[in-house]
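I opened a fresh page for this one and wrote things down as I looked them up. The entries follow the order in which I went through the model.

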Amino acid sequence: MESQKCVLYDRDCIGCMECEMCDLDPGKVCDNCGKCLEMQDYASIRIDGVYDAQGNPFKRSSGRKK
Ligand code: SF4
Ligand code: SF4
């Protein structure tokens, strides 16, 4: 199985959980409360990738279906 890349550093994921910690309170695990987001009536997010249950990245299709 292909190893999963770290989302913060240039390395494989070592399961350190640093990426799960709160941006405002370093002692808290993120519970998606949204306080760090400046949301008005709407917000958008960028998705860097999608993985299946085994941690394998989904490949992007090469073109639109006609
Ligand atoms: S758990 Fe640690 S090593 Fe894995 S993606 Fe998050 S920060 Fe990177
Ligand atoms: S969503 Fe809430 S808990 Fe998560 S990083 Fe933002 S402020 Fe912290």
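**Asp31 and its partner**

I started at Asp31, whose side chain makes a polar contact with the side chain of Lys28 at 3.5 Å. This is a predicted model, so I read every distance here as a computed one. The pair also goes down in my notes as a salt bridge, N to O, at 3.5 Å. I looked up how open the two residues are: Asp31 is partly exposed at 48% relative accessible area, and Lys28 is partly exposed as well, at 25%. I also checked Asp31 against Met21, which sits 10 residues away along the chain, and got 8.9 Å between the C-alpha atoms.

**Around ligand 2**

Which residues surround ligand 2? I listed Cys22, Asp23, Leu24, Lys28, Cys30, Asp31, Asn32, Cys33, Gly34, Lys35 and Cys36. So Lys28 and Asp31 turn up again, as members of this shell, because a residue gets in with a heavy atom within 4 Å of the ligand. Sorted by class, the shell comes out as five nonpolar, two polar and four charged residues. Cys30, from that list, is partly exposed, with 40% relative accessible area.

Asn32 made me stop for its backbone: phi is positive, about 55°, and this is not a glycine. I noted it because most residues other than glycine have a negative phi. Asn32 is exposed, at 69% relative accessibility.

**Around ligand 1**

I did the same lookup for ligand 1. Its surroundings are Cys6, Val7, Leu8, Arg11, Cys13, Ile14, Gly15, Cys16, Met17, Glu18 and Cys19. By class I have eight nonpolar, one polar and two charged residues in this shell. Cys6, one of the shell, is buried, as its relative accessible area is 19% and the cut-off for buried is under 20%.

Met17 is my second backbone note, with a positive phi of about 75° although it is not a glycine. Met17 is partly exposed, at 48% relative accessible area.

**Disulfides**

With cysteines listed around ligand 1 and around ligand 2, I wanted a disulfide count. How many disulfides are there? The count comes to zero. The rule asks for a pair of cysteine sulfur atoms within 2.5 Å, so no pair in the model meets that limit.

**Salt bridges**

How many salt bridges does a search of the whole structure find? I got three, and the Lys28 and Asp31 pair that I met at the start is one of them.

Another joins the side chains of Lys5 and Asp12, at 2.8 Å from N to O. Lys5 is exposed at 53% relative accessible area, whereas Asp12 is partly exposed at 33%.

I also wrote down Arg46 with Asp48, where the closest N and O atoms are 2.8 Å apart. Buried or exposed, for Arg46 and Asp48? Both are exposed.

**Asp52**

Next I followed the side chain of Asp52 to see which backbone nitrogens it reaches. One of its polar atoms lies 2.9 Å from the backbone nitrogen of Gln54. The side chain of Asp52 also reaches the backbone nitrogen of Asn56, again with 2.9 Å on the page. Asp52 is partly exposed, at 25% relative accessibility.

**The chain as a whole**

I left the overall picture for the end. How many helices and strands does the protein chain have? I noted zero helices and zero strands. Of the 66 residues in the protein chain, 5% are buried, and Cys6 at 19% relative accessible area is a buried one.

My last lookup was contacts. Taking those in the protein chain between residues at least 6 apart in sequence, I found that 14% join residues at least 24 apart.

Terms used: Residues are numbered from 1 along each chain as its sequence is written. Chains are lettered from A and ligands numbered from 1 in the order in which they are written. This is a predicted model: local features need pLDDT of at least 70, side-chain atom pairs count only at pLDDT 80 or more; totals for chains, interfaces and linings use all residues. Side-chain values use heavy atoms; hydrogens and water are left out. A salt bridge is a side-chain nitrogen of Lys or Arg within 4 Å of a carboxyl oxygen of Asp or Glu. Buried means under 20% relative accessible area, exposed over 50%, partly exposed in between (1.4 Å probe, protein chains only). Ala, Val, Leu, Ile, Met, Phe, Trp, Tyr, Cys and Pro count as nonpolar, Asp, Glu, Lys and Arg as charged, and the others, Gly among them, as polar. A polar contact is a pair of N or O atoms within 3.5 Å; within protein, one must be able to donate a hydrogen and the other to accept it, and residues adjacent in sequence count only if both atoms are side-chain atoms. Helices (H or I, at least four residues) and strands (E, at least two) are DSSP runs, numbered from the N terminus. Contact means heavy atoms within 4.5 Å.
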